[in-house]
Amino acid sequence: MLPSSTKQAKIDHSTVTAAAPSTSSSTGAAAKPASNPHSVLVHSKQRGNPILKSIQNVPLEYRDDIVPDYVVGRTSCVLYLSLKYHNLNPDYICQRLKTLGKMYDLRVLLVQVDTPEPHNALKSLTRISLLADLTMMLAWNHEEAGKIIETYKQFEKRPPDLIMERVESNSHQKLVTALTNIKPVNKTDAVTLLQTFGNLGNIITASEERLSQVIGLGPRKAKKLHKTLQEPFLSK
């Protein structure tokens, strides 16, 4: 049951900023490695947390000797916080950060949004996250929260380019991407245009009337496309 009015945490700036890891040196490992390197370390107090049911693709290892709720990498950890619990105990997260100190380089604050009016609480937690150098992640249910923890562990040793945007190397795909940057032209329109006219040069020189005859394009899209293609690329 929620209180009639939400308590506001009094942010101790010295405590919160002191918990931020130093940018000059790595803090290193803060817990003994798991017996299985693929396991997520789970604090024993998290037993019974419904989010654990959604962590199905990595093993779990319960420990009493870790400070955060979850350890998802050699220097990465997760603090879990229910927004409902935060409203009842607004000082809790600051105390957790004080205990955590400067352990771990990547510290994730996983917030489960389980209240109907989360905005004020999230604003406060965002401020705390900025001061303490936390990465705040939001989950809207138990399943999402569990999958976030699981994903952090699965991507622990993956290269950064695995999640970077892939640049199209195929010239045809590059043209399709370029045309779809013109609103409201979609991918289907772009493919049809290239199939109809053969190349970008023919599309540029086509009249507005001819463009409007392309299947699926219509007068409105044709007008916008023609206008955009006739504009000078460099301003005088």
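Visitor: Contact means heavy atoms within 4.5 Å. Going by that, what share of the contacts with a separation of 6 or more in the protein chain comes from residues 24 or more positions apart?

Guide: Quick ground rules: this is a predicted model, where local features need pLDDT of at least 70 and side-chain atom pairs count only at pLDDT 80 or more, while totals for chains, interfaces and linings use all residues. Residues are numbered from 1 along each chain as its sequence is written, and side-chain values use heavy atoms, with hydrogens and water left out. Among contacts in the protein chain with a separation of 6 or more, the share from residues 24 or more positions apart is 65%.

Visitor: How many helices and strands are there in the protein chain?

Guide: Both are DSSP runs numbered from the N terminus: H or I over at least four residues for a helix, E over at least two for a strand. Counted that way, the protein chain has ten helices and six strands.

Visitor: What percentage of the 236 residues is buried?

Guide: Buried is under 20% relative accessible area, exposed is over 50%, and partly exposed is in between (1.4 Å probe, protein chains only). Across the 236 residues of the protein chain, the buried part comes to 39%.

Visitor: In strand S2, which residue is the bridge partner of His 43?

Guide: Strands count as paired if DSSP finds at least two bridges between them. S1 (residues 40-43) runs parallel to S2 (residues 60-63), with four bridges, and antiparallel to S3 (residues 70-73), with two. In S1, Val 40 and Val 42 point one way, Leu 41 and His 43 point the other, and all are buried. On the S3 side Val 42 is partnered with Tyr 70, while in S2 the partner of His 43 is Arg 63.

Visitor: Is Thr 115 buried or exposed?

Guide: Thr 115 sits in the loop between strand S5 (106-112) and helix H4 (119-132). Leaving out residues up to four places away in sequence, Thr 115 touches Leu 83, Lys 84 and Asn 87. Its relative accessibility is 10%, so Thr 115 counts as buried.

Visitor: Which element gives the largest share of the largest nonpolar core?

Guide: Such a core is a set of buried Ala, Val, Leu, Ile, Met, Phe, Trp, Tyr and Cys residues joined through side-chain atoms within 4.5 Å. The largest has 22 residues, and Leu 83, Ile 93, Leu 97, Leu 109 and Leu 125 touch the most other members. Strand S4 (76-82), helix H3 (92-100), S5 and H4 supply at least two residues each. The largest share, five residues, comes from H4.

Visitor: How many residues apart in sequence are the parts that Arg 96 and Asp 69 tie together?

Guide: A salt bridge puts a side-chain nitrogen of Lys or Arg within 4 Å of a carboxyl oxygen of Asp or Glu. In the one between Arg 96 and Asp 69, the closest N and O atoms are 3.2 Å apart. Arg 96 lies in H3 and Asp 69 in the loop between S2 and S3, so the separation in sequence is 27 residues.

Visitor: Which residue is linked with Arg 63 and Asp 65 in a network of salt bridges?

Guide: Arg 63 bridges to Asp 65, with the closest N and O atoms 2.8 Å apart. Arg 63 is buried at 11% relative accessibility, whereas Asp 65 is partly exposed at 43%. The network also takes in Glu 61.

Visitor: What separates Lys 147 and Glu 150 in helix H5?

Guide: Their salt bridge has its closest N and O atoms 3.3 Å apart. Lys 147 is partly exposed at 35% relative accessibility, and Glu 150 is buried at 2%. The two are three residues apart in H5 (residues 142-154), so what separates them is about one helical turn.
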